[in-house]
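Visitor: I am new to this structure and should like to understand the terms used for it. Would you kindly take me through the reasoning behind each one?

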Amino acid sequence: MSLDLPLAFAALMGLAILMYVVLDGYDLGVGMLMPAADEREQELMVASIGPFWDANETWLVLGVGILLVAFPAAHGLVLGALYLPVAAMLVGLMLRGVAFEFRVKAEGWHRGLWNWLFWFGSFLASFAQGLMLGRYVTGFHPGFGYYLFAMLVGASLCGGYVLLGSTWLILKTEGALQRKALAWARWGLLWVALGVALVSLATPLVSHTVQAKWFDFPRTLALMLLPLATVAAGWMVWAATGRLKRGEREFDWMPLAATVAIFALAFAGLAYSLFPYVVIDRMTIREAAAHPSALKFMLVGVAVVFPFLVAYTVFAYRVFRGKARAGQYE
Amino acid sequence: MDTAEALFLARAQFGLNIGFHILFPSLTIALGWLLLYFRIRYARSGDPAWLATYKLWTKVFALSFAMGVVTGITMSFQFGTNWPGYMLRVGNIAGPLLAYEVLTAFFLEATFLGVMLFGMNRVPGWLHVFSAAMVAVGTTISAFWILALNSWMQTPAGHAMDGSQIIAGDWLQVIFNPSFPYRFTHMLLASGLTASFVVAGLSAWRLLRAGEDASARNTLRTGLVLAAVLAPLQIVVGDLHGLNTLEHQPAKIAAIEAIWKTGKGVPLVLFAVPDDERRRNDFAIEIPKGASLVLRHDAEAEVQGIEAFVPDAPPVAPVFFAFRVMVGTGVLMLLAAWSGVWATRRGMLPQRWMLWTFSGFTFAGWIATLAGWLVTEIGRQPWLVTGILRIREAVGGISGAQLGASLTGYIITYTVMLIAYLVVLTHLAGKGANA
């Protein structure tokens, strides 16, 4: 049996990007929520993401790395078209990454400045990622309407990350901060609803290929499970935050789990729309793929390393399970 | 928008990014191992002074590591955006090497760094030591892969052709290409020297500020002793690396030594102002037949000059000067380390002027590393991959305006980051391990 290498790497890239969006999404979201919290709460919020953010961002390197090395032709096309939002995202990620370290060591107004940069960097990176998504799903078409659309997707992704961040805080904190996070989560959910709806409507309008894939009876009926499940997951977030508000504490993991489900389902829908294209209607994964010898060599590495990677990631999350405690470098 | 300008901007941006990035890994690779050493000393002795030392340097490490991570993410994008021709031509070789770095090193170090920084009270002692070890191993594995790739670009080996595509014929030959063992060792030693001077320099700064601090005295001694051992090793390895370069990249050696014409009994240029326009040296101070003697161990031997490699010859002046800055800084570092070991013998505290000197040498490793990096990277011009791909063939279609705008953004961001980094480092060191 011969392995379909481009397909395997497309799946791997999808997994890495989804992992990145969910994992860095919650810590970017926490960064964007900083101004809404008081000083003591900010310490807890930062402490809740401290052990994880480095590794979370590594998934971005893996995702773009696979795009670069497994689909070099697409990498040039995609990142060339997205050059400025990518640069903005990188500046944002840099600012927040170092602000994270600097704010702890700073005093007085310096600390205020780094807090602001932490918020600004998180926001800039999130918005730029949404912008990239918006441009990507519309095939990089020029035109005012398309840019406006991309800006709306940018705002929605910020909302999505706020939802991830606040549901993460619901899991990792308690008391007053957790109650605040419950309110934040509901706001985030509204933005996510808007974003998912926008992207779902836009992709079939822009591309006839996508349209044909979704509106093809009777397959459409089976495909409707995807949006239905997404709505159900959204309802679960709403219901679970409601129960937590009424003081039922045991379900503090439920909003985050349901949010992750929303992201995974939306991602699956997008993947279904695009496949087998890596650039919508322009380049397929097979056309963009690197030489089989390179892909095979990498696949060996992936197969050997992935179990370890999963094992020590799980280990790290187990070490820091439970509610976050303030304090740097215990 | 002409290509020359886009090429210049693409190079300026990538050079700025990679030059800024290299500062932090060159510190953290070896600092990771030093942290492990501090952590083990604490585990064995239970002495709170070692714990305080470990915690202080952990903060420095976390800060430097974060700087390295965020600038490294930027690099992973710029490989493709600035040099699309690079990935199209040699992506089947460069790609997997980069992928292996991400898979085997980045996740390992980032994940265990979280446990190391925040998990001391959450995991058993042995597991915390293990986490510190994994961070150090991770940084070193990362250096392994990136230097394998860099070395392959300098001295390609093990590749084959499939139609018009370059692919790997033998991965072991690709990874262990002719210059790799020398370059890897040279880089690890450079990192060791960078870290030991940062540790010694900041400890000296602390002693100047506080007068007495047992932990700072310990780390001053540790840094100086380590540097005193590594500096002579680095000179030997550097020399071997040079001989290896002579064999595989003779054009780079001609630029380093400012030899323009091929000939027998070539003099060794100690100092000169090389003129790349007219291909000659001004104000030269030379030792007759020196280059033939040093490079070929025979006073009458033939040495190739720049003229033998035209039009694919590197510019001479920057390589020539950068090499002298590297060697000069290295010699000064050796002298500082040895006199420092003498001045701190039997628990003595060095005089204030010596402490000031060590403080002044805090970032000497960065100067030498950057200079060495300029020698090796400018010395391979105009090639991106020696004999296979020229830089101007790899540049992409990003417009000058976009490059200029993002370059401005990067310059502002890096300036802010570097200033903040230095301020915080000085501040941390001033407070010492008691903070």
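Guide: Let us begin with the word contact: two residues are in contact if their C-beta atoms, placed from the backbone, lie within 7 Å. Please note that the model is a predicted one.

Visitor: What share of the contacts in chain B between residues at least 6 apart in sequence join residues at least 24 apart?

Guide: The share is 74%, among contacts in chain B between residues at least 6 apart in sequence.

Visitor: What makes chain B as compact as a globular protein of its length?

Guide: Chain B holds 13 helices and eight strands. Its radius of gyration is 23 Å, and the globule rule gives 22 Å for 435 residues; the two values are close, so chain B is as compact as a globular protein of that length. Along the principal axes, the C-alpha atoms of chain B fill a box of roughly 60 × 50 × 40 Å. Of the 435 residues in this chain, 54% count as buried.

Visitor: Why is A258(B) called buried?

Guide: A residue is buried if 20 or more other C-beta atoms lie within 10 Å of its own. A258(B) has 26 C-beta neighbours inside 10 Å, and therefore counts as buried. A258(B) is located in the loop between α8 (250–256) and β3 (263–264) of chain B, and its phi is near 55°, a positive value in a residue other than glycine.

Visitor: Why, then, is F140(A) called partly exposed?

Guide: The partly exposed class lies between the limits of 12 or fewer for exposed and 20 or more for buried. F140(A) has 17 C-beta neighbours inside 10 Å, so it counts as partly exposed. The loop between α6 (109–137) and α7 (144–172) of chain A contains F140(A), and the phi of F140(A) is positive, near 60°. Most residues other than glycine have a negative phi.

Visitor: How do you know that β4 and β5 of chain B are paired?

Guide: Pairing requires at least two bridges between the strands. Six bridges join β4 (residues 268–275) to β5 (residues 280–287) in chain B, therefore the strands pair, and they run antiparallel. One of the bridges has V273(B) and D282(B) as partners. The two strands form a hairpin with four residues between them, and R279(B) in the turn has a positive phi of about 55°.

Visitor: Which peptide bonds are described as cis, and what are their omega values?

Guide: One joins V310(B) and P311(B), with omega about 10°; another runs from Q381(B) to P382(B), with omega near -5°. P311(B) is placed in the loop between β6 (302–303) and α10 (316–343) of chain B. P382(B) lies in the loop between α12 (364–378) and β7 (383–385) of chain B.

Visitor: How many residues of chain B are in contact with chain A, and which element gives the most?

Guide: In chain B, 61 residues are in contact with 51 residues of chain A. The element that gives the most to this side of chain B is α3(B), with 22 residues. By class, the residues of this side divide into 35 nonpolar, 22 polar and four charged.

Visitor: Which residues have the most contacts inside the largest nonpolar core?

Guide: They are V98(A), A227(B) and M333(B), in a core of 258 residues. The largest share of this core, 23 residues, comes from α3(B). Leaving aside residues up to four places away in sequence, M333(B) touches several residues, including L193(B), F197(B), A227(B) and F361(B).

Definitions and conventions. Residues numbered from 1 in each chain as written. Chains lettered and ligands numbered in written order. Predicted model: local features only at pLDDT ≥ 70, side-chain atom pairs only at ≥ 80, totals over all residues. Nonpolar A, V, L, I, M, F, W, Y, C, P; charged D, E, K, R; others polar. Core = buried A, V, L, I, M, F, W, Y, C linked by C-beta atoms within 7 Å. Rg over C-alpha atoms; globule rule 2.2 N^0.38 Å.
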